[in-house]
Amino acid sequence: MNLIKKGVRVEDFFKMYPYQELILNEFDFDLLDKGRKREKIDLLKIFVKHIKNTFKEMSYTNIGYFLNRNHATIINLHRGHDNLYFSDIDFKKKSIFVRSKFLHIDKHNKSEIYKKKCLDIINNCPEDYCEIFYNAIIKTKPMIENKQTV
């Protein structure tokens, strides 16, 4: 599949890939394959809903290119999630379960983002500020170890 189409951001593909892999490994469904089985459509709805909530800037078109589907199909899947979530208890349980699995990916992504941001600050600040940052981090260490919020 050609990843670069009509200005689609390649970064978006790399953001979605871990979630697609998780569904493939956990449920043995490849979201990139076409099909109309209820189980697969439910997983697509959950996937699209989570991606749109997690990456708000990501367009329906980019998600559609990733899943090899039209943007209108992605909009329909996104809206369909909420309709089923509030009317079908089994779907709601499945959505909660799958999205809890997705949270492990989200947590990893967020920690990597913040590590990179911290390193960027350190690498781009004057040397005399590095000591100030270090001391601020050391002061919060006991709170972090006790799982307190700052």
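Helices are DSSP runs of at least four residues, numbered from the N terminus. The model under view is predicted, and this tour moves through it by selection.

**The whole chain**

Begin with the full chain coloured by secondary structure. Its elements, read from the N terminus, run α-α-α-α-α-α; the count is six helices and zero strands. Next, colour by accessibility: of the 150 residues in the chain, 31% are buried. If a contact map is at hand, consider pairs at least 6 apart in sequence; 63% of these contacts join residues at least 24 apart.

**Helix H1 and the loop after it**

Select residues 10–27, which form helix H1. Within H1, pick out Pro18. Pro18 counts as partly exposed, because its relative accessibility is 28%. Now add Phe102 to the selection and draw a distance between the C-alpha atoms: Pro18 and Phe102 lie 8.8 Å apart in space, although 84 residues separate them in sequence.

Continue to Asp28, in the loop that leads from H1 to helix H2 (38–54). The phi angle of Asp28 is near 60°, a positive value in a residue that is not glycine. Asp28 has 65% relative accessibility and therefore counts as exposed, the cut-off being over 50%.

**Helix H2 and its packing against H1**

Select residues 38–54 for helix H2. This helix has 17 residues and spans 24 Å from first C-alpha to last, close to the expected 24 Å. Is H2 enclosed or open to its surroundings? Because 12 of its 17 residues are buried, H2 is largely enclosed by the rest of the structure. To see them, display Lys40, Asp42, Leu43, Leu44, Lys45, Ile46, Phe47, Val48, Lys49, His50, Ile51 and Lys52, the buried residues of H2. Several lysines are among them, including Lys40, Lys45 and Lys49.

With H1 and H2 both shown, turn to the way they pack. Two packed helices are described by the angle and the distance between their axes. The axes of H1 and H2 come within 11 Å and cross at roughly 155°. An angle over 145 degrees counts as roughly antiparallel, so H1 and H2 have that relation. The crossing of H1 past H2 is right-handed. On the H1 side, show Met16, Tyr19, Gln20, Ile23 and Phe27; on the H2 side, show Glu39, Leu43, Phe47, His50, Ile51 and Thr54, for these residues make the contact.

**From H2 to H3**

Hide H1 and select residues 60–67, helix H3. The axes of H2 and H3 come within 11 Å and cross at roughly 140°. That angle makes H2 oblique to H3, because roughly antiparallel requires a value over 145 degrees. H2 passes H3 in a right-handed crossing. The contact is formed by Leu44, Phe47, Val48, Ile51 and Lys52 of H2 together with Tyr60, Ile63, Phe66 and Leu67 of H3. Phe47 and Ile51 of H2 also belong to the contact with H1.

**The H3–H4 loop and helix H4**

Move to Asn68, in the loop between H3 and helix H4 (71–85). Asn68 is not glycine, yet its phi is positive, near 60°. Its relative accessible area is 43%, so Asn68 is partly exposed.

At the start of H4, select Asn70 and Ala72: a side-chain oxygen of Asn70 comes to within 2.7 Å of the backbone nitrogen of Ala72. Helix H4 itself has 15 residues and reaches 21 Å between its end C-alpha atoms, close to the expected 21 Å. Which residues of H4 are buried? They are Ile74, Leu77, His78, Gly80, His81, Leu84 and Tyr85.

**Two buried residues of H5**

Finish in helix H5, residues 89–124, by selecting Lys94. Lys94 counts as buried because its relative accessibility is 18%, under the 20% cut-off. Apart from neighbours within four places in sequence, Lys94 contacts Glu39, Asp42, Leu43 and Ile46.

Ser95 also lies in H5. Its relative accessibility is 0%, so Ser95 counts as buried. Display the side chains of Ser95 and His81, which make a polar contact at 2.8 Å. Residues up to four places away in sequence aside, Ser95 touches Ile46, His81 and Tyr85. Of these, His81 and Tyr85 are among the buried residues of H4, and Ile46 is one of the buried residues of H2.

Note on methods: Residues are numbered from 1 along each chain as its sequence is written. This is a predicted model: local features need pLDDT of at least 70, side-chain atom pairs count only at pLDDT 80 or more; totals for chains, interfaces and linings use all residues. Side-chain values use heavy atoms; hydrogens and water are left out. Helices (H or I, at least four residues) and strands (E, at least two) are DSSP runs, numbered from the N terminus. Buried means under 20% relative accessible area, exposed over 50%, partly exposed in between (1.4 Å probe, protein chains only). The expected span of a helix is 1.5 Å times one less than its number of residues. A polar contact is a pair of N or O atoms within 3.5 Å; within protein, one must be able to donate a hydrogen and the other to accept it, and residues adjacent in sequence count only if both atoms are side-chain atoms. Axes are lines fitted to C-alpha atoms, for helices over the stretch in contact, and angles run from 0 to 180 degrees between N-to-C directions. Angles under 35 degrees count as roughly parallel, over 145 as roughly antiparallel, 65 to 115 as roughly perpendicular and the rest as oblique. A crossing is left-handed if the near helix is turned anticlockwise from the far one by less than a right angle, and right-handed if clockwise. Contact means heavy atoms within 4.5 Å.
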